[in-house]
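Here is a short report on one protein model. Please look over the chain before reading on.

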Amino acid sequence: MKVSVLGYGTVGVGVCEMLQNAAGLELSKVLVRPGKADRPFKVCSIDEICADPETEAVVEVMGGVEPAYSYAMAALAAGKHFVTSNKALVAAHGIELAKCAKEHGVGFLFSAACGGAVPFLHNLVLAVESDRILSIGGILNGTTNFMLDAMQRRGMDYAEALKEAQALGYAEADPTADVSGLDALRKIMLGCAVAYDKLPCEGFSLEGIESVTAADVRHFQSKGLVLRLLVSGGVSQSGKLFAFVQPWLLRSTAAEASVLQNFNMAKYRGQNAGDIILIGQGAGRYPTASAVVRDLSDLLHGRREMMKASCERVEADNSEALCRYYVRVNAADARALRLAQQELDGELLRGVTEAMPVTAMHAFAAEIRKNGGAIFFAAMEE
Ligand code: HSE
């Protein structure tokens, strides 16, 4: 199958290299920026790729919603299979892309958009065929995992750790998406679409790692605790779809605590299968390119669908999910919280809440910040 690639950055170069040795696959054209077409296979217009009769599949690794969305729709309408690593695109327009792919009888796969090399969505597609998926989640952002690990094991401060993650090609072009948890949130949105045929589009609870300091990490380390950014998705007992991202404090024996560097850990719980855990590199050139090539190989084997055209947009509801939270806040701002295990350090108060709704903790932190205050919180492992 001949494949054309849109984008020749970190992942695009990796895909082109891997296509040289991938069974049954061959590179046709690569879409590059105007003025960069210095070889015959490089082109600057999507029209040339859509009009190319040899191209059967188009891979998009440019990132961003536009022009990626317009190019994707053009490729699907031209009868090309479409494979992407772009979670922002699929989170925003996956349903339209799935409908367009179905209409034109072609495939639409996006394994590389969620978990890098980890075959999370690939396995989830198979799992939903034979089991009821009770929950999904885990560590789905390589940049923040790399940073938290570097802060803990190498004593780095936040800025140093972010700089190194960027230099290694793990972070998004704008790393705010990584550290704010938005990148991980987009990935759990895709997981929910695959597992539940529902794409959560609002009502999220989102907390990244921007408030964590080197002093916090040292404090956790002294107590034998490890900080990780985890995503959670699933259907509550009353049938509501939940989807949230927040830091968690884990015992060093927890599976997530052993996930180091840029590695991801994707987890799903099947009613019959129980917990399935997949660990691998979640970011970087070759790990991500390997997932793109896996999707192309799936197309060769006739597997064409991850998100169904019937998938619906819904509002997430996190009000039934309860956690106990570790909180570090100015003592003067802590009045509305009942904290146990309190430790006062100058004006800073550290303590642990009773079990409370995820929505309530996130709203409390938003209120403190709205009034100019600072707060760090992390859910506690039970
Ligand atoms: N910036 C993303 C991460 C890249 O760090 O996980 C892979 O999606």
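## Elements and overall form

Strands here are DSSP runs of E at least two residues long, and they are numbered from the N terminus. One of them is β10, which covers residues 225-235 and holds serine 232. The model is predicted. Its protein has 20 strands and 12 helices.

The C-alpha trace spans about 70 × 45 × 35 Å along the principal axes. The radius of gyration is 22 Å. A compact globule of 382 residues would have a value near 21 Å, so the protein agrees with that expectation.

## Packing and surface

Of the 382 residues in the protein, 55% are buried. Contacts often reach far along the chain. Among those between residues at least 6 apart in sequence, 70% join residues at least 24 apart.

The exposed area of the protein is about 15900 Å². Carbon and sulfur atoms supply 49% of that area. There are 44 negative and 37 positive side chains. The centres of these two sets lie 2 Å apart.

## Serine 232 in β10

Is serine 232 buried or exposed? Its relative accessible area is 14%. The cut-off for buried is under 20%, so serine 232 counts as buried.

Which residues does serine 232 touch, leaving aside neighbours within four places in sequence? On the lower-numbered side, the contacts are Ile136, Gly137 and Ile188. Phe242, Ala243 and Phe244 complete the set. These last three fall in strand β11, which covers 241-251.

## A cis peptide bond

The peptide bond from glutamate 66 to proline 67 is cis. Its omega is near 10 degrees. Proline 67 sits in the loop between β4 (57-60) and α3 (68-77).

## Two glutamines with positive phi

Glutamine 261 has phi near 50 degrees, a positive value in a residue other than glycine. Its place is the loop between β11 (241-251) and β12 (263-270). Relative accessibility is 40% for glutamine 261. Partly exposed covers the range between under 20% and over 50%, so glutamine 261 counts as partly exposed.

Glutamine 341 also has a positive phi, near 50 degrees. Where does glutamine 341 lie? Its position is in strand β17, residues 340-345. The relative accessible area of glutamine 341 is 58%. Exposed means over 50%, so glutamine 341 is exposed.

Definitions and conventions: Residues numbered from 1 in each chain as written. Predicted model: local features only at pLDDT ≥ 70, side-chain atom pairs only at ≥ 80, totals over all residues. Heavy atoms only, no water. Helix = DSSP H or I, 4+ residues; strand = E, 2+ residues; numbered from the N terminus. Rg over C-alpha atoms; globule rule 2.2 N^0.38 Å. Buried < 20%, exposed > 50% of the residue type's maximum accessible area, 1.4 Å probe, protein only. Contact = heavy atoms within 4.5 Å. Areas by Shrake-Rupley, 256 points an atom, 1.4 Å probe, with all protein chains shown as cover. Lys, Arg positive; Asp, Glu negative; His and termini not counted. Charge placed at Lys NZ, Arg CZ, Asp CG, Glu CD.
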